[in-house]
Amino acid sequence: MAKPKLVSLSKIYPPKTLLERIRPPFAVIMGSPSDVVNLLHSSPHKEAVCYQMDLFQAERLQQMLQDANIPAQVRVEADLWDLGPNFASAVYLPARSGERELKTDILEQGFHILNASGQFLVWSAQPNDSLFPEAMKKIYKKVHIHQEQGTTFLWSQKMEDRPRRRHEVTFQCKINQGESFRFLSRPGTFSYGQFDAGSRALCEVMSLRPGQNVVDLGCGCGTNGIYASKITGPEGKITFVDSNLRALDLTKLNAEANGLTNFETIATSSVSGPDLIPQSFDIALANPPYFANHSIALLFIQRSFELLKRSGSFFMVTKQPNEMVELMTQVGYVVEGAETRGYTVLMHRGPAARDDMGATTEPDEEDQ
Ligand SMILES: C[S@@+](CC[C@H](N)C(=O)[O-])C[C@H]1O[C@@H](n2cnc3c(N)ncnc32)[C@H](O)[C@@H]1O
């Protein structure tokens, strides 16, 4: 059966029944910046607290709210329940194709931001949404469902308290036949519940030495930098960078659990900050997301070039080697590639990595 075409919540007027149920103080949970602005534009109450997990989305939302003159506040936290039990209503705008586990996690955490008889509202772009009715019934006992314009609006009321329940999965992996690592993962972060094959390819190919200073760009739950630290040792340092605050919380927990002593986590959406000093790193690692026209991959390529010492090495895993080689070459990298596990690990190797790895690909004319 053909999948129904999903509408964009940013392009339609929110259901009247939804707008009538909004009571201040109220929260808007997740949603793309344009979905949130569209909702608040029509809402009778505009002084919402808008929850986001990722700085990049939060900054875009902040700008759009300002441009639309909407007096809402943006809060970025690793966990939604850190907002406290302060809200009479909360509207969740789930991503159209978002992960199921994140949706159930947000429902669980959302319960704990409601005040005594607060209402939890969900506006989903799925017609006849099949996930939320059952999931909300489990938490709130009762759920009301309303279909409108190809979207589903659901609401429930908090009646009695319930304990906090966290969704998380620990996975274990061995890299290069070495020691075994355990990583904690939570919904909304990469990669949830399993060691990513691209990350494995990167770890298997990258070359490091004891004492090196490493930056892990877009670290997720920290797998690549944590593996790197086993080679760089206590004299080396790992700096983990991500825009997702939940990912950075996990990285910290995973780094400590895996025995790292010299590391730092940096929350930024632009790979910048006082501790990211130009030409101070020996190694930069990246397994970037490839959405948004490769703009994040380009950001990682440009910033890694600025952060690396002249003798430094950059390792980046991709499934789009041709486009990425072009971007890397444009900033000044001399690019080689190693293919493994259906991925290409592109690299610019400094002298140390060249000595350690030998030739990986056919040398180009200049090298002969
Ligand atoms: C494909 S995941 C890789 C995670 C991990 N390094 C791995 O290999 O499993 C990409 C990561 O980049 C992060 N990210 C996306 N945009 C970013 C930005 N503008 N600044 C910093 N990190 C970003 C995401 O939050 C995500 O954790």
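1. A residue counts as buried when its relative accessible area is under 20%. Phe240 has 0% relative accessibility, so Phe240 is classed as buried. Please keep in mind while reading on that this is a predicted model.

2. Phe240 also has a ring partner. Together with Phe263 it makes an edge-to-face aromatic pair, with 6.2 Å centre to centre and 75° between the planes. Phe240 belongs to strand 11 (residues 237-242) and Phe263 to strand 12 (residues 263-267), so this pair ties together parts that are 23 residues apart in sequence.

3. You will find 10 aromatic pairs in the structure. One of them joins Phe171 and Phe183; this pair is tilted, at 5.7 Å centre to centre and 40° between the planes. Because Phe171 sits in strand 8 (residues 169-174) and Phe183 in strand 9 (residues 180-185), the contact ties together parts that are 12 residues apart in sequence. Both Phe171 and Phe183 are buried. Ring pairs also link these two with Phe181 and Tyr227 into a cluster.

4. Two lysines are worth a look in your viewer. The charged end of Lys158 sits over the ring of Phe111, 4.7 Å from the ring centre. Lys319 lies over the face of Tyr343, at 4.7 Å from the centre of that ring.

5. Now to the sheet that holds strands 11 and 12. It is an open sheet of 7 strands, in the order 12-11-10-13-14-16-15, and its pairing is mixed. Strand 12 and strand 15 (336-340) stand at the edges with a single partner strand each, so one side of each has no neighbour in the sheet. From one strand to the next, the twist averages 15°.

6. At one of those edges, strand 15 pairs with strand 16 (residues 343-348) in the antiparallel sense, over 5 bridges. As a reminder, strands of a sheet pair through backbone hydrogen bonds, either parallel or antiparallel. For a concrete place to look, try Glu336, whose bridge partner in strand 16 is Met347.

7. Finally, the helices on this sheet. Helix 6 (residues 197-205) lies across strand 13 (281-286), strand 14 (308-318), strand 15 and strand 16, and it runs at about 40° to strand 16. Helix 8 (residues 245-257) packs on the sheet as well, touching strand 11 and strand 12. The direction of helix 8 makes about 175° with that of strand 12.

Conventions:
Residues are numbered from 1 along each chain as its sequence is written. This is a predicted model: local features need pLDDT of at least 70, side-chain atom pairs count only at pLDDT 80 or more; totals for chains, interfaces and linings use all residues. Side-chain values use heavy atoms; hydrogens and water are left out. Rings of Phe, Tyr and Trp (its six-membered ring) pair if their centres lie within 6.5 Å; planes under 30 degrees apart count as stacked, over 60 as edge-to-face and the rest as tilted. Helices (H or I, at least four residues) and strands (E, at least two) are DSSP runs, numbered from the N terminus. Buried means under 20% relative accessible area, exposed over 50%, partly exposed in between (1.4 Å probe, protein chains only). A charge sits over a ring if NZ of Lys or CZ of Arg is within 6 Å of the ring centre and within 35 degrees of the ring normal. Two strands pair if DSSP finds at least two bridges between them. Axes are lines fitted to C-alpha atoms, for helices over the stretch in contact, and angles run from 0 to 180 degrees between N-to-C directions. Contact means heavy atoms within 4.5 Å.
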